[in-house]
There are 2 protein chains.
Amino acid sequence: MKTKNITQGSFPNSQKIYVKGKIHNIEVAMREIELADTTDKNGNVIKNHPVTVYDTSGPYTDENIEVNLEKGLPKLRKQWILDREDVEELDGLSSDYGRMRLTDENLDHLRFDHVSTQPLKAKEGKYVSQYYYAKKGIITPEMEYVAIRENQRIDEIKEKYAQHKGCPMGAQIPETHISPEFVRDEIAKGRAILPANINHPEAEPMIIGRNFLVKINGNIGNSPTTSSIEEEVEKAVWAFRWGADTIMDLSTGENIHETREWIVRNSPVPVGTVPLYQALEKVNGKVEDLSWEIYKDTLIEQCEQGVDYFTIHAGLLWKHIPMTIHRTTGIVSRGGSILAKWILHHHKENFLYTHFEDICKILAKYDVAVSLGDGLRPGCLADANDKAQFGELEALGHLTKIARENFVQVIIEGPGHVPMHMIKENMDEQLAHCDEAPFYTLGPLVTDIAPGYDHITSAIGGAMIAWHGTAMLCYVTQKEHLGLPNRDDVKEGVITFKLAAHAADLAKGFPGAQYRDNAMSKARFEFRWRDQFSLALDSEKAMKFHDETLPDEGYKSTHFCSMCGENFCSMRATMEVRELAEKAQEKAKEFEQSGNELYS
Amino acid sequence: MKTKNITQGSFPNSQKIYVKGKIHNIEVAMREIELADTTDKNGNVIKNHPVTVYDTSGPYTDENIEVNLEKGLPKLRKQWILDREDVEELDGLSSDYGRMRLTDENLDHLRFDHVSTQPLKAKEGKYVSQYYYAKKGIITPEMEYVAIRENQRIDEIKEKYAQHKGCPMGAQIPETHISPEFVRDEIAKGRAILPANINHPEAEPMIIGRNFLVKINGNIGNSPTTSSIEEEVEKAVWAFRWGADTIMDLSTGENIHETREWIVRNSPVPVGTVPLYQALEKVNGKVEDLSWEIYKDTLIEQCEQGVDYFTIHAGLLWKHIPMTIHRTTGIVSRGGSILAKWILHHHKENFLYTHFEDICKILAKYDVAVSLGDGLRPGCLADANDKAQFGELEALGHLTKIARENFVQVIIEGPGHVPMHMIKENMDEQLAHCDEAPFYTLGPLVTDIAPGYDHITSAIGGAMIAWHGTAMLCYVTQKEHLGLPNRDDVKEGVITFKLAAHAADLAKGFPGAQYRDNAMSKARFEFRWRDQFSLALDSEKAMKFHDETLPDEGYKSTHFCSMCGENFCSMRATMEVRELAEKAQEKAKEFEQSGNELYS
């Protein structure tokens with residue numbers, strides 16, 4: 001297994017910093033962007049404070065850590081988990097399939113070297129989910145980590161700026177409200193989840209909830225005939241780098257088990273899957289052969305590998321299927337269509353629904369969260385907000401209660417294709433039926449006629465629904481509806497959703513959200529080109545575009561760019577305006593002294 | 001002057017059609033997209049009616065018209081204009097500059113061959129604007145053209161579908177409301193404009209107003225040291241092709257006069273400019289040397305060339321400048337910053353403001369519309385919706401009245417950089433102050449931190465503000481803030497704004513807006529890949545993306561794509577679900593007959 005083609009290294013003018021906890025002995029990773037000084041027109045040098053930003057890239061961007069994919073990432077949370085004394089190390093894997101793959105010598109060359117054969121599991125009678133701890137009033141290290149992470153050092157920045165009166169950015173920094181206790185309370189209320197499988201100690205804690213920063217998920221995964229394990233791991237590392245807060249491994253090809261092991265061991269963000277996909281592979285794609293036993297074994301297999309959340313389409317019921325018959329595009333969820341076929345073939349209710357309590361009891365043992373899938377999401381505008389969709393949503397509300405009774409953390413998946421004026425209703429209905437469980441939507445796409453640009457049609461809907469309260473957006477790439485995304489598509493998709501999520505943070509007035517924007521604007525006005533690149537969501541592209549016409553080093557500090565040219569640069573002109581205005585004010589004073597009020 | 005590298009030719013599976021008028025002898029150009037038949041599971045062949053779409057591409061996509069750039073496009077409106085008997089042909093150009101350029105032999109190689117030296121002008125005492133006619137109760141050929149164009153043959157489609165009950169698209173086609181009288185009334189109320197300089201008879205009439213389809217503008221234009229006339233003409237043709245409803249020529253380099261002549265003569269859409277840019281070139285970039293005389297001569301020069309609307313920053317007043325001093329990014333409008341410098345240098349009020357009535361009297365003679373520029377639009381989130389911006393907006397409201405008193409059509413320009421939650425206020429304020437004149441916005445961009453992706457940050461804001469009532473969106477390309485857009489950037493920008501505008505049409509419930517989406521969804525569900533490409537805003541990119549992984553011709557009709565692969569295609573599965581559901585219903589009937597109610 002070659003693992004050399006992995007993207008590593010820090011971002012431009014950035015370093016990894018670690019902020020210490022106050023309750024627990026923890027260190028929270030962030031990215032600090034160094035800025036150049038400002039020189040004012042009198043030649044005074046004014047320091048621009050570094051900007052700290054939320055960082056999903058993990059150890060890959062820490063120059064002081066040598067990442068070895070074959071060993072996996074450091075096990076950040078291992079000791080925190082053990083210290084709670086509510087888990088036990090198993091003697092071996094519990095799933096039949098996991099054991100079978102482990103003993104198959106033909107897979108040796110694919111297998112992750114340091115694969116754990118002794119996964120953790122909750123002790124008999126114990127609950128190990130962050131939801132359970134939160135209900136008990138316990139602030140875990142994970143919760144404190146998240147609180148510090150969400151704040152992005154706004155407290156410190158605020159203090160610093162208190163010393164710099166008159167700085168236009170000072171006014172933009174509001175009170176922080178993300179305390180560890182607030183995090184605990186939101187989780188206890190079910191308004192947020194902290195996905196953290198006890199078998200994925202490599203993950204840096206993060207939170208999904210509408211009173212926190214909006215998160216984005218990046219889908220990766222091979223499909224039959226395309227991509228290798230190495231490619232998939234690199235696609236994952238690439239997605240973290242650009243801002244994926246979680247990834248979902250949606251592989252449907254060969255060696256899914258081994259691919260997943262590599263990804264989880266090397267993932268600093270929570271990993272989600274749709275276990276039904278693998279279960280279907282196990283029965284060679286024959287939907288009618290799917291059974292609770294095979295599905296259950298798959299759940300256990302993946303729980304013990306360290307998957308942090310499962311999409312489970314348990315709310316698609318027999319009675320909903322007739323509602324889809326006159327739809328324009330029927331059922332467009334892969335999981336949804338599989339289950340509908342299964343139901344109709346067997347003339348039985350969805351086995352994920354009838355076994356939902358069993359499912360929860362398994363997930364609770366590992367703190368795997370459930371993402372209740374929307375198997376009946378609309379696949380086109382014509383089907384948006386219909387009976388089938390909202391019928392399923394009601395069922396998801398019912399399942400939310402069952403999950404919580406079993407101390408399983410739960411989020412709800414949402415659409416899909418929805419025109420702008422029908423977006424808010426989705427959020428309203430979700431809040432009404434699902435007791436404020438976090439909403440996790442795919443887009444929505446606001447028109448159907450732009451294949452090749454569906455990262456944009458969905459970013460429009462995504463920004464809007466996130467503003468209304470959606471906690472996490474699943475990215476959509478420009479290849480949507482057309483083909484499997486490649487590495488470039490993944491990056492374009494991640495950045496597009498990052499900006500949509502950020503737009504929602506701004507609109508929601510999240511504390512400090514505008515800080516980075518303001519730093520960018522200041523750099524822009526002062527023609528600090530390098531700082532503009534460093535502060536950009538995509539430094540590489542920003543610099544590349546700038547350099548296409550003005551590549552020379554000298555142009556990194558000139559007071560114009562090729563867009564308007566030198567004489568037409570408005571910012572350059574504004575500086576002159578300000579000088580003129582100052583002179584005018586001085587003159588005004590002279591006039592005033594002589595009794596004239598022209599400039600008042 | 002070489003003019004060979006111009007993109008021509010029809011779109012895939014499309015032809016140009018011409019719909020005849022009922023009041024006037026006119027033919028309205030549209031694009032008709034031919035679709036493949038549907039074969040149902042019983043082998044029955046069902047015809048899919050062609051889809052007619054709004055088409056900005058002009059004669060360039062009509063296979064029956066040979067475009068010769070050196071002769072210019074056919075003069076569609078020439079006879080309509082002459083028939084009104086209110087214009088006279090001048091003996092020569094009225095502007096000093098126009099005459100000077102015409103007699104300069106050094107420019108012969110650059111000059112458009114068939115340049116008109118006898119422009120049209122309103123006869124003494126006559127008004128020739130569409131606004132004037134509308135006020136008088138006259139429905140011009142231009143107005144009927146627009147009414148037919150906006151309807152996109154929805155009447156006919158409706159009739160056809162009336163014969164196809166049960167078709168899911170039938171229900172989506174609402175009543176039409178765009179009658180010629182409605183068009184006239186909206187123009188008479190000042191709620192819409194129909195930009196149509198009597199010296200630009202080549203342009204196909206279009207309308208800008210919030211009760212019509214949302215329009216988009218594409219900016220083109222050279223900047224010092226980059227791009228030639230040929231490149232600029234091709235950039236314009238390229239922009240029409242992908243959907244620009246108007247273009248603005250923002251050239252600031254050499255030979256602006258000649259470049260403009262080429263562009264106007266070959267433009268089937270209205271052309272806008274910012275005359276101040278050329279005026280500044282005439283005084284070699286020295287702002288202090290700008291004068292009313294030079295500006296006035298520039299207006300006349302461009303009126304007689306056929307420019308359809310001018311951006312005029314007449315609302316930026318002396319008193320507003322101090323309001324910008326503590327802004328984060330000052331004045332970011334090129335025109336705005338130039339005028340602020342002029343005001344402060346001369347200690348005089350903005351000459352565009354003091355001469356606004358003179359300006360209107362010139363524009364009225366040619367039916368050139370005024371686009372009141374927002375010289376104080378915010379250049380970053382931190383400056384959004386501030387006193388300077390809204391102060392200027394109030395002044396624009398005052399100028400709107402003056403324009404209308406002189407029968408000049410008027411639209412209002414808007415921001416800029418605005419976070420999502422502050423967007424609606426812009427529309428509300430504009431409606432409140434500017435007596436419902438159409439709003440024309442640049443974005444707004446909803447975050448500052450995504451240079452390289454600002455076509456997307458602005459499409460998010462653009463879609464939202466257009467839903468709230470903005471009539472035209474000025475596109476932003478991915479090069480915004482970084483450099484001059486090239487041909488690819490122009491296309492990407494146009495398509496991005498086309499989809500944003502369309503999303504707003506859908507959200508506003510514009511009659512028939514969803515028709516194309518529904519046709520796309522039906523094609524998607526039926527795996528008619530070629531139809532999906534034809535119906536896409538960007539057929540080329542859609543096909544390219546699809547073919548990256550499945551290039552063979554056979555894959556244009558397979559029931560899956562590389563995104564999910566064969567076994568995981570939900571649409572394919574849905575078809576099976578439907579068959580199973582039908583069987584289940586049959587079975588249910590059997591059960592019913594035997595007294596069983598299992599399937600009820």
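How many salt bridges are counted between chain B and chain A? The count is four, and the views below place this figure in the setting of a predicted model.

**View 1. The two-fold relation of chain A and chain B in the predicted model.** Chain B is superposed on chain A by a rotation of 180° with 0.0 Å of shift along the axis, at an RMSD of 0.0 Å. This is the relation of a two-fold axis. Within chain B, the residue whose C-alpha comes closest to the rotation axis is Ile460(B), at 2.4 Å.

**View 2. The contact surface between chain B and chain A.** In chain B, 106 residues are in contact with 106 residues of chain A. Of the interface residues of chain B, 100% are also interface residues in chain A, so the copies meet through the same surface. The size of an interface is often given as the accessible area lost when the parts come together. Here the area buried between chain B and chain A is about 9,300 Å², with carbon and sulfur atoms giving 68% of it. The residues of chain B that lose the most area to chain A are Ile449(B), Tyr453(B) and Phe568(B), which together account for 9% of what that side buries.

**View 3. Polar and charged pairing across the interface of chain B and chain A.** Among the four salt bridges counted between the two chains, a close-up may be centred on the one joining the side chains of Lys479(A) and Glu548(B), at 2.6 Å from N to O. Across the same interface, 24 residue pairs are in polar contact, counting pairs in which both residues have pLDDT 80 or more. Elements giving two or more residues to the side of chain B that touches chain A include α16 (454-468), α17 (487-508), α20 (539-549) and α21 (570-593) of chain B. The residues of that side comprise 56 nonpolar, 30 polar and 20 charged.

**View 4. The annotated positions His417(A) and His481(A).** An unreviewed UniProt entry carries the annotation "binding site" for His417(A) and His481(A). They span 65 residues in sequence, yet their C-alpha atoms are no more than 12.2 Å apart, so they gather at one spot. His417(A) lies in the loop between β15 (410-414) and α15 (423-433) of chain A.

**View 5. A salt bridge within chain A, between Arg101(A) and Glu258(A).** The side chains of these two residues meet at 2.7 Å, N to O. The pair links distant parts of the chain, with Arg101(A) in helix α2 (residues 96-103) and Glu258(A) in helix α8 (residues 256-265), 157 residues apart. Over all chains, the count comes to 78 salt bridges.

Methods
Residues numbered from 1 in each chain as written. Chains lettered and ligands numbered in written order. Predicted model: local features only at pLDDT ≥ 70, side-chain atom pairs only at ≥ 80, totals over all residues. Heavy atoms only, no water. Least-squares fit on C-alpha atoms with pLDDT ≥ 70 in both. Contact = heavy atoms within 4.5 Å. Buried area = accessible area lost by both parts, 1.4 Å probe. Polar contact = N/O pair within 3.5 Å; in protein donor to acceptor, adjacent residues only side chain to side chain. Helix = DSSP H or I, 4+ residues; strand = E, 2+ residues; numbered from the N terminus. Nonpolar A, V, L, I, M, F, W, Y, C, P; charged D, E, K, R; others polar. UniProt positions renumbered as here; feature names shortened; annotations may be inferred.
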